[in-house]
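Here are a few notes to read alongside the structure. Keep the viewer open and look up each spot as you go.

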Amino acid sequence: MKYDSITEVIGDTPLVRIDQAVHGLRHIDLYAKMELLNPFGSLKDRAAWNMVRPHLAGAAERGDTLVELSSGNTAKALALIAGLHGLPFRSVTNRMKVPEIKDLLLLLGAEIDELPGRAECLDPTDTDDPLTRMYQTITAGGAGFLHTDQYFNDLNVEAHARGTGPEIVADLGGLVPDYFIACVGTAGSSTGVARALREHDPTVTVVGLVAEKSDFIPGIRNIDEVHEVGLFDPEVYDAIETISADDAIDGLLTLVRRCGTLAGPTGGGAYQGAVRHLRRLDAELTERRTAVFIVCDRVESYMSYVRERRPELFRQPARGNSVGTLTGDELAAAKVVGVADAQEWIVKDDPLIVDLRSAFAYRARHLEGSVNIVDELFGEMLQGGLPFGRGRPVLLVCPVGEKSARYAALLTRMGHPDARSLDGGVIAWRDAGAALVRD
Amino acid sequence: MASYLEARVEGDLRALLQQHDLLRTLVDAFGSPLNLVLPDQLVGNVEAFRAVHRDHRLAGQIFFAHKANRSSALVRELAATDAGIDVASLGELQHALGAGFAGHRIMATGPKSRDFLWLAARVGAVVNADSTAELTELAGLVAAHGLPPVRVMARLSGFSPAGVNVLVRASRFGIPADDLGPLWEVLEKYRDELDLHGFAYHLDTVGLPEKIAALEGCLRVLDEALERGLNPVAVDIGGGFGVNYLAHGAQWEQWTTELTSAVLGRTPPLTWNGHGYGLRNENGKVRGVLGLYPAYRPLTGAAYLDRLLASESPSLRRPLGSLLLESMGELYTEPGRALLDQCGVVLTRVEEVRPGPGGDLLIRVAANARDISLEEHGVLLDPVLVGGDRPGGDGPYGVYLLGNLCLESDLITRRKVFLPTLPSPGDLLAFPNTAGYFMDFSAGRPLMQPTAQTIAAYRDGGSWLWCLDEQYWPVDRREGTA
């Protein structure tokens, strides 16, 4: 298909049935609305485009800056749209919680303003919160800001009332699903879709999912935070239930591993919340029902989020030449040389001096004639065997003599006849008054 | 429904609060309010910080922030350890010296009078300077009085994480990290008077990312100083390690949810006159920011320090503790309340219990809000009714705790507190874990109401011993335990 602009590709995403063998519901057909297949990678493409489109004419000539209080998918979509139209984009956020998305926004040319964290020493007289000050800056007359205001802008809701919702009905052959389960973030998608579905059939059950307060889920608000959202109306939802970060990751794993769907934690949370809610109903149903949830975005931006909470998912087996495999006896047998003896040995035998510290520290001060191989890199090099000849003695140096002793033990196990560790490390060297140089 | 915020009470503090007869005797003798401090717990908290230094192989010093508590017993006990002390006034400096701290274990911080600067330089304390003007004044004093060179730290400010503008409000303190030209000039001009010992920051935030950016920034400045031929030794990362005041995270989560609901008018008020603690209702939406200390914090104290050191520098891609160690830098910290966790309790006598407006119960204690400055510091926790765990408690009772001043604002806490048992006049209410900043931090003598005396309590075998704070010295106890 031929398009004149990538924005024409927004919307019209597929509705995909989840295999019953995966979710285990006997009387309910469960469908995923694949919003991750929007051109910018998420459901927010719809809201971003719908909110900003009416203001784009003449914006570049006026010198407007697009601004949104978002650090996630809305910011990403707006940054891309701003770039298309030659506009700067500014993201204002409490905290860039997902480092991959921060990097992506910087790549897209966005400017990022972070609000400060909570104070350790509270000042009760400071009643003007940073977000209010930011609103005042944005709304000041003639400020040159185009604020899409996703939490209060009804065009956010309309994007889904006129797009996402009707698509679901059309894909189900004109029928409304019996259940719609949605995560609450800006509440735009859940409100808009619910509005569209209820226009067809007021009996549809709408379930809202909020995050547990103890750990955040990207894109989902907790039960306190939803009350800050202008678009949030509790009357939209027949029930509001809570999901945890663990739920979100469990759901994510099911979708990526068994459903061929590269869902992020929000989609994972929606799936897990949907199945948990529906399982209670399924036991009593006698007729076939349908349910729809939304897969909001893709998983690739959340590797650090998952790794932090489920490190075992990324575990690699220990490799052969690794300090982790050294025995106590091997460690105890490592050759260690004190500062005075090392100085004598350096003059006499000219060992290769390997400094295992970071380049930052090495550049500042190091032993004269040493080479810098950071410990992690040195460990990688040893996987392929000794990186220097056995005929050359080696002196290993680290800050306090611990890491160097382990690597000396490893080199000895690998067959090097004369690998020694500097006892006490570079700090002992300095404290002994021995020379350090800065090239 | 009852909204408890049960205080986290552990170790010796828990044991002390079970000595009902002892507590009553002490209040009978010394009056209400009464501060009790536990010097031994302070030693344990210092050791927890030391353990983090050892784990990361970092040399350095822990400087207790004196302003967190003025107790002589605590400061003297601290002097008997290997920790240092951070003093923020001439009076605190004199107190630290009199408690047994030699000058080299003292760091002078904050706004400084000329007298303060002179005495700090005279005794060989480290001067943590907020500005180049302060360094200039200090150098002048050193020259005029023929003093030896003074070790100085330069306090920096204005760090930003890479790629991001942090919209912090302007701080009074520190030299801008992005404009160090004047600093280098002063240090060069006065190299005979000022001995640059290192760089410092102190961020008023609970957030790790800002501290990561600051520590990384200090490491870069350290490197630049070396390039200029200076020889700084240490990075001082200030305080802000925090205390977890509550026993149950779920209670804190539930209470803050209910506060949001109350502010929106969906449920009855939880606070005196519907105080929102920074939250307000605008057209049915919550606005503002919750202006409370996060009373439930799983990551605090030494564990917070450990987490910070293990965090990776975004641009140098290495744990910050490793970078500091590899740069041969030492780590200085200035914990305040974190070193006073579980170190004390304020005891008060209940004077009146009566119905208030709207059916709430009012309890007036023989103390005022400045004796137990929880409200001033935004900390919410439940007091303990001494002996209140008797069986058959018919609560919970929702009560407001009032102070003894004739001021409408004199509430010990604006929050409706729930007690499992209703106290009677004469009963004792204990406010636990108040040694850090909450013991008469701003108490005065309005209406000649008594201010609290302070008692040091400690274990001797199976017994509890106590003495007046000003009469506590670690001498005999140290000899006895040897």
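Which domains does the domain assignment give for chain B? Keep in mind that this is a predicted model.

1. Chain B gets three entries in the assignment: domain 1 (11–38 + 342–478), domain 2 (40–242 + 297–333) and domain 3 (249–288). Try finding domain 2 and domain 3 of chain B on screen: their centres, taken over C-alpha atoms, are 39 Å apart.

2. Now for how the two chains meet. On one side, 53 residues of chain B make contact, and on the other, 54 residues of chain A. Together they bury about 4,700 Å², with carbon and sulfur atoms giving 51% of that area. If you want residues to click on, go for B:Leu167, B:Lys285 and B:Met328, which supply 16% of the area that chain B buries against chain A, more than any other three residues.

3. There's charge and polarity at this interface too. The rule finds 6 salt bridges between chain B and chain A. One to look up pairs the side chains of B:Asp223 and A:Arg363, at 2.3 Å from N to O. For polar contacts, the count across the interface is 18 residue pairs.

4. Which elements of chain B give two or more residues to the side that touches chain A? They are strand E7 (164–166), helix H9 (208–227), helix H10 (249–263), strand E12 (285–288) and helix H12 (320–326). H9(B) gives the largest share, 7 residues. Sorted by class, that side of chain B has 21 nonpolar, 15 polar and 17 charged residues.

5. Take a look at B:Ser72, which sits in helix H4 (residues 72–79) of chain B. Is B:Ser72 buried or exposed? Its relative accessibility is 10%, so B:Ser72 counts as buried, the cut-off being under 20%. Beyond its neighbours within four places in sequence, B:Ser72 is in contact with B:His95, B:Asp469 and B:Glu470.

6. Finally, some backbone oddities to check. Most residues other than glycine have a negative phi, and most peptide bonds are trans. The peptide bond from B:Ser32 to B:Pro33, though, is cis, with omega near 0 degrees. B:Pro33 lies in the loop between helix H2 (20–30) and strand E1 (34–37) of chain B.

7. Two residues that aren't glycine have a positive phi: A:Asp350, at about 45 degrees, and B:Asn273, at about 55 degrees. A:Asp350 is in the loop between helix H13 (339–349) and strand E12 (352–355) of chain A, and is partly exposed at 49% relative accessible area. B:Asn273 is in the loop between H10 and strand E11 (279–282) of chain B, and is exposed at 72%.

Technical notes
Residues are numbered from 1 along each chain as its sequence is written. Chains are lettered from A and ligands numbered from 1 in the order in which they are written. This is a predicted model: local features need pLDDT of at least 70, side-chain atom pairs count only at pLDDT 80 or more; totals for chains, interfaces and linings use all residues. Side-chain values use heavy atoms; hydrogens and water are left out. Domain bounds come from an automatic or database domain assignment. Helices (H or I, at least four residues) and strands (E, at least two) are DSSP runs, numbered from the N terminus. Buried means under 20% relative accessible area, exposed over 50%, partly exposed in between (1.4 Å probe, protein chains only). Contact means heavy atoms within 4.5 Å. Buried area is the accessible area (1.4 Å probe) that two parts lose on being put together, summed over both. A salt bridge is a side-chain nitrogen of Lys or Arg within 4 Å of a carboxyl oxygen of Asp or Glu. A polar contact is a pair of N or O atoms within 3.5 Å; within protein, one must be able to donate a hydrogen and the other to accept it, and residues adjacent in sequence count only if both atoms are side-chain atoms. Ala, Val, Leu, Ile, Met, Phe, Trp, Tyr, Cys and Pro count as nonpolar, Asp, Glu, Lys and Arg as charged, and the others, Gly among them, as polar.
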